[in-house]
Amino acid sequence: MLACKRLNCFIKHRAQVWTLAQRKVTTWSPVGAAFNSKPQRRLDVFQDNVGLFGVPELSSPAGFEVATKRALKDTQLLVDKTCHSPPGAATVEYFDQLSDGLCKVADLADFVKVAHPDPLFREAAEKTCIEIGTVVEKLNTNVELSTSLKDLLNSPDILNQLDHDTRRVAELFMFDFEISGIHLEEKLRKEAVALHVKLLDLNNEFLMGSHLPNRIAKSAIPEHLHLHFAKEGSFIQIGGLHADSPDDLLREIAYRIFLYPNGQMLDCLEELLKCRNKLAKLVGYESYAHRALKGTMAKTNETKCHSSVIECIESIWKCSRLRLISAIPQELMAWDHPYFSAVLRAERFNIEPSLYSPYFSLGACMEGLNNLFSQLFGVSLMSDQPSAGEVWSEDVRKLAVVHETEGLLGYIYCDFFHRTDKPHQDCHFTIRGGRRCQATGDYQLPVVVLMLSLPHPTKSAPTLLTPGMMENLFHEMGHAMHSMLGRTRYQHVTGTRCATDFAEVPSILMEYFANDYRVVSQFARHYQTGQSLPQSMVARLCESKKVCGAADIQLQVFYAALDQVYHGEPQNRSTTELLKDKQHQFYGLPYTPSTAWQLRFSHLIGYGAKYYSYLMSRAVASMVWKQCFLKDPLNRDMGERYRREMLAHGGAKEPMLMVEGTFPRLPPHSAVLYSTPHTDT
C-alpha cells in the first residue's frame with residue numbers, strides 16, 4: 001500500500017509539472033484545468049471494477065447477456081401487470097417503466113456497439129440491440145397491451161383526471177402502437193414485426209458499412225500521396241474525403257475512392273428503402289416519409305424548400321479572375337467546394353484556423369461553456385473521477401452537472417479524442433433518461449455521452465481547437481444540456497426524446513453563442529500568454545461565415561431533398577440515379593461518375609425522411625436567438641425562461657407551444673416552417 005501511495009504521488013507530481021509547463025502564465029478554472037491536462041487516474045489495484053457507466057454486469061462483454069435477460073424478465077412482469085390493472089394514471093406509469101427498463105439497456109448498447117475499442121464489447125452490444133429491438137417491435141403490436149392503453153384513452157371520465165404530461169405520454173405511446181400496425185389483423189401484424197426486425201439488421205449493416213474505409217492497391221495512386229493514408233499490406237486504406245487538403249490530386253483521389261460504389265452496400269440500401277416503404281404502406285401510410293413526419297413540427301412532407309442562388313461558386317470565379325486565389329481549377333468539382341470555400345474565407349478575412357487555435361484550447365472552451373451555463377441557468381460543470389471500469393477509454397472525462405439550488409442534475413461523459421475504429425462523427429448519445437420514480441419520489445438522473453474526434457494534446461501544448469471544432473463542441477453540448485435541464489416526469493419524453501425537427505433547436509442555438517464576442521471574450525485566451533482573443537478576430541470570423549453561406553445551405557437542401565425522394569413513392573430507379581438527378585436539381589456542382597455518396601449518408605438511419613430537421617431547426621433557433629438572446633446573451637432571466645418553456649419539457653409538450661412560450665411575440669407558424677434559414681452567424 002505504501003508503494004502504491006508513493007507511485008500515486010509521483011504520477012500526480014509529474015502531471016502537475018506537465019500542466020504548468022503547458023499553461024505558463026495562464027490559469028484555468030477547475031473544469032478548464034481538467035481538460036487542459038492529461039487524465040489523472042487513481043492507481044488503486046484493490047478497487048473493484050464497477051462496470052461501464054457504473055453498471056456492475058458490464059465489467060465484461062458477457063455482462064450484456066445478463067443485463068438483457070434481466071431487462072426482458074422485468075419487461076414480462078410489467079406487461080402482465082399492465083394488462084391486468086384497471087385503466088388510470090398508473091397505466092401510463094407502467095408503460096413508462098417498460099420503456100425505461102428496455103431503453104436503459106438498449107441505449108447503452110447502442111453507444112457501446114459503435115464506440116467501444118474492444119470488438120468483444122461491440123459484438124455483445126450489437127447482439128443486445130437486436131434482441132431488445134425485436135422485443136420492442138413485438139410489444140408495439142401486442143393487442144392486449146395496446147387495449148389497456150386504449151381503454152384509458154377511450155374513457156373520458158378517467159382521461160379528464162390526468163394531468164397534461166400524463167395524457168400526452170399516453171397519446172404518444174398509443175401513436176407508437178398505431179404506426180407499428182396494431183390495427184391490422186394478426187397475420188399482417190406478424191408481417192409488420194418481421195419487417196421491423198429485418199430493418200434492425202439492415203439499419204445496423206448500413207450504419208456500420210457507411211463508416212468503413214475503401215482500399216486500393218498502392219500502385220494505383222502516386223507514391224508521394226501514400227503518406228496521407230493508412231496502409232494494409234500492398235493496399236492503401238482511404239477512410240475519408242480529405243476535403244481540407246490543399247493538394248488537388250489528393251482531394252480528387254480520396255473523393256473518387258472513398259465514394260466508390262460498393263455492391264453489397266448498394267443492395268443493403270435498396271433493400272432498406274424497400275422494406276421501409278413496404279412497412280409504411282402495410283400500416284396505412286402513403287410512404288415512409290408520410291409515416292416518419294407524423295408528430296413532427298413539419299407534420300407533412302409537402303413542406304416546400306426554397307432554393308437560393310449559389311453565390312459561393314460565382315464568388316470563387318470572381319476571386320479567380322482577381323487572382324486572390326491562384327490555384328482554383330477551371331471547373332469546380334464536388335471535392336473542391338469545401339477547400340476553396342475555406343480558402344476564400346481565409347484570404348478575404350484573414351481567418352487562418354492556426355491563428356485562432358491557440359485561443360481555443362479545449363480547457364478554455366470547456367471553461368467558456370461552464371461560464372455560460374452558470375450565468376444563464378445557475379449550472380456548473382464539475383470534473384468527476386470515474387471509478388475503475390466505468391469508462392471505455394482512459395482519455396474519457398466525466399462531468400457532473402450541478403445546479404446552484406437543485407443539486408446534481410446528471411452526468412456527461414466526454415469521449416472527445418480521436419481513436420482507432422472510433423466513428424469520425426460528432427454525436428450525442430442518451431445512455432439513461434431522466435424520470436420521476438413514483439415508488440421512491442427520487443429523480444432518476446440522466447446520463448449522456450458526447451463523442452467528438454479531437455486531436456490529442458502534445459508534449460508542448462494542450463488540445464487546440466479550430467473555430468469549427470469549437471462550434472461543434474458548443475453544438476453537441478447543447479444536446480447534452482437539453483438532456484440535463486429537462487425534468488420530465490416520464491423518461492419516454494425526457495430531454496432529446498422529442499420531435500426530431502425540434503431536437504436540433506437547442507444545439508443549433510448554441511452555435512449562436514459560440515459566435516458572439518460577448519460570450520467568446522469570456523474564455524478565448526491564448527494557452528501560453530493568457531492574452532484574450534481580439535474582438536476584431538471574432539468579427540472577421542463571423543463575417544467570413546456569410547461567404548458561401550448560400551452554397552452551404554443549398555447543399556443541405558440537396559441532402560434533405562434526396563432523403564425525401566428516397567423515402568417517398570418508389571420510382572423504380574437506382575439510388576445513384578436518383579442522387580444524380582437531385583444533385584443536378586438542387587446543387588450546382590456536377591455528379592462525379594462511378595461514385596455513390598449516398599452510401600456514406602449515415603443520417604439515413606437515425607434521420608430517415610427527417611434530414612430536413614437541420615434546416616427547420618436552424619430557422620427556429622434563429623428566431624429564438626434574435627428574440628431572446630441577441631440583446632444580451634448572458635441574461636439570466638431569459639436563460640431561466642428558455643429552460644422553463646423549452647428545455648424542461650423534453651417531448652412532453654407540442655414543439656410549437658414550447659417555441660411560443662419562450663417569447664411573447666411569435667411570427668405566424670408559416671414564418672417558422674417555411675422561412676429560409678439564416679446564414680449570418
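What follows is a chat between a student and a tutor about a predicted model.

Student: Let's start inside. Which residues touch the most other members of the largest nonpolar core?

Tutor: That core holds 151 residues. Four of its members come out on top for touching other members. They are Phe 360, Met 366, Ile 412 and Phe 416.

Student: Take Met 366, then. Leaving aside its neighbours within four places in sequence, what is it in contact with?

Tutor: Some of its partners have lower numbers, Val 31 and Phe 35 among them. Phe 416, named above as a core member, is also in contact with Met 366. The full set is Val 31, Phe 35, Leu 381, Leu 399, Phe 416, Leu 473 and Met 477.

Student: And how many residues are in the second, separate core?

Tutor: Its members include Leu 102, Leu 149, Leu 153 and Ala 652. The count for this second core is 28 residues.

Student: On to the open sheet of five strands. Which strands stand at its edges?

Tutor: The order is β4-β5-β6-β10-β7, with mixed pairing. An edge strand has a single partner, so one side of it is left without a neighbour in the sheet. Going from one strand to the next, the twist averages 30°. The edge strands are β4 (379–384) and β7 (427–432).

Student: Within that sheet, what is the bridge partner of Ile 412 in β10?

Tutor: Strand β6 covers residues 407–417, and six bridges join it to β10, residues 447–454. The two strands run parallel. Opposite Ile 412, the β10 partner is Val 448.

Student: Which helix lies across β6, β7 and β10?

Tutor: Look for the helix spanning residues 89–115. It runs at about 145° to β7. That's α4.

Student: Now the charged pairs. How many residues apart in sequence are the parts that Asp 163 and Arg 489 tie together?

Tutor: The model has 35 salt bridges, and this one has an N to O distance of 2.8 Å. Asp 163 is partly exposed at 35% relative accessible area, and Arg 489 is partly exposed too, at 28%. Asp 163 sits in the loop between α7 and α8 and Arg 489 in the loop between α17 and α18, so the parts they tie together are apart in sequence by 326 residues.

Student: Arg 168 and Glu 654 also meet in a salt bridge. Is Arg 168 buried or partly exposed?

Tutor: The pair is 3.5 Å apart, N to O. Arg 168 lies in helix α8 and Glu 654 in the loop between α26 and α27, so the salt bridge ties together parts 486 residues apart in sequence. Glu 654, at 32% relative accessibility, is partly exposed. The cut-off for buried is under 20%, so Arg 168, at 13%, counts as buried.

Student: Which residue forms a salt bridge with Glu 569?

Tutor: Glu 569 is in the loop between α22 and α23, and its partner is in helix α11, so the two tie together parts 288 residues apart in sequence. The closest N and O atoms are 2.9 Å apart. Glu 569 is partly exposed at 46%. The partner is Lys 281.

Student: Speaking of α22, how many of its 18 residues are buried?

Tutor: From first C-alpha to last, α22 reaches 26 Å, close to the 26 Å expected at 1.5 Å a residue. The helix is largely enclosed by the rest of the structure. The number of buried residues is 16.

Student: Next, how far apart are the C-alpha atoms of Arg 518 and Leu 634?

Tutor: Arg 518 is in helix α20 and touches a run of residues from Phe 629 to Leu 634, including Pro 633. Along the chain, Arg 518 and Leu 634 are 116 residues apart. Their C-alpha atoms are separated by 8.2 Å.

Student: Last one: in strand β3, which residues point to one face and are buried?

Tutor: Side chains alternate along β3, and Phe 235 and Gln 237 point to the other face and are not buried. Gln 237 stands opposite Ala 230, in the antiparallel pairing of β2 with β3. On the antiparallel β1 side, Ile 216 has Ile 236 as its bridge partner. The buried residues are Ile 236 and Ile 238.

Note on methods. Residues numbered from 1 in each chain as written. Predicted model: local features only at pLDDT ≥ 70, side-chain atom pairs only at ≥ 80, totals over all residues. Heavy atoms only, no water. Core = buried A, V, L, I, M, F, W, Y, C linked by side-chain atoms within 4.5 Å. Buried < 20%, exposed > 50% of the residue type's maximum accessible area, 1.4 Å probe, protein only. Contact = heavy atoms within 4.5 Å. Pairing = 2+ DSSP bridges. Helix = DSSP H or I, 4+ residues; strand = E, 2+ residues; numbered from the N terminus. Axes fitted to C-alpha atoms, helices over the stretch in contact; angles between N-to-C directions. Salt bridge = Lys/Arg side-chain N within 4 Å of Asp/Glu carboxyl O. Expected span 1.5 Å × (residues − 1).
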